[in-house]
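Today's page is on ring pairs and one helix. Here is the model I had open.

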Amino acid sequence: MRKKVLFMIPLGGIALVLRYLKEKKKITTNTLVAFIIIGFLIFNLIFFKNPLTEKRNALGPIYITLIYLFYPRLINTNAKFFLFVFVSMIIFFPLVSALTHVDADLDDILKNPNIIIDDFSEHGGLINAFSTLHYDAYANIMATDEYVSKGGFSFGFQLLSALLFFVPRGLWSSKPLSTGEFIGNFLINDYNFSYNNLSNPLVSEGYINFGLVGVILMAVFLSYFVIKFMIWLQSSNVLKEVIAFYFSVHLIFLLRGDLTNGFAYFIGTYIGVYIIPKLLIRVFKISKT
């Protein structure tokens, strides 16, 4: 709740204040206050969501959304956006991955910045990102197919891990594992694999639940939400616009899977960026009247 919801509230606040400033043509006391507020919000967002403390699945959507808000010309066409994402995946993503996997806390890094360089060199630099499990999606589809051939379909049980992610495992001891972890355990048991923190693409999420019918259903549901957020992107409501754009970038992580993490992380952002600011606006209007 703290990291995925509360720390995301500043992004919604930034969008609201920035829209206010763009609509104002003159410098007034209110606009000066707005500049101070947006500076405070940006500082908080960057402080709590930076490469040293946040996982890369959230860094990309957050910072690309900030670019969309402050300098949309950089990514306002399909060609520009594709080039931006391509360069990010080839260069920026491996660099961020190296930072987020440094075996040291923030205090140690600040005292000795060379820790980052040493760890980066030790683990193979940029090339390491392309020769390890960062790009394991296809392999995990094959592993899921093999599991199904032995253990059968889950008939929706695995979906409960994503849809009911907010239910504590302490209250629901039989709660299913996320599909990535579940297939990871299968590989450990059958092939002596040593790692179960795996991705699991949306295709195999559908397949492990309902077979080919599940794959089709996943495509239908994904299409529905993509169309819905495309409408939101053109909305005059800045919060809807921001959450729609955020989803378009988060989709890279969601498609890679697994569904539990991709869905839960997006819902947290949705609450922090859209629901809470919307509620605060409504409460403020009521108190004002």
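I looked up phenylalanine 48 first: at 28% relative accessible area it is partly exposed, since buried means under 20%, exposed over 50% and partly exposed in between, with a 1.4 Å probe and protein chains only. This is a predicted model, where local features need pLDDT of at least 70, side-chain atom pairs count only at pLDDT 80 or more, and totals for chains, interfaces and linings use all residues. Residues are numbered from 1 along each chain as its sequence is written, and side-chain values use heavy atoms, with hydrogens and water left out.

Next, the ring pairs. I found 22 aromatic pairs in the structure. Rings of Phe, Tyr and Trp (its six-membered ring) pair if their centres lie within 6.5 Å; planes under 30 degrees apart are stacked, over 60 edge-to-face, the rest tilted. Phenylalanine 7 and phenylalanine 48 are stacked, 4.1 Å centre to centre with 20° between the planes. That pair links distant parts of the chain, 41 residues apart: phenylalanine 7 sits in the segment before α1, phenylalanine 48 in helix α2. Phenylalanine 7 counts as buried at 17% relative accessibility.

Then I checked α2 (helices are DSSP runs of H or I, at least four residues; strands are E, at least two; both numbered from the N terminus). Which residues of α2 are buried? I noted Thr31, Ala34, Ile38, Leu41, Asn44 and Leu45. They lie on the same side of α2, because they cover an arc of only 140° around the axis, taken from the directions from the helix axis to the C-beta atoms. The face turned away from the buried side carries exposed Thr29, Ile36, Phe40 and Phe43.
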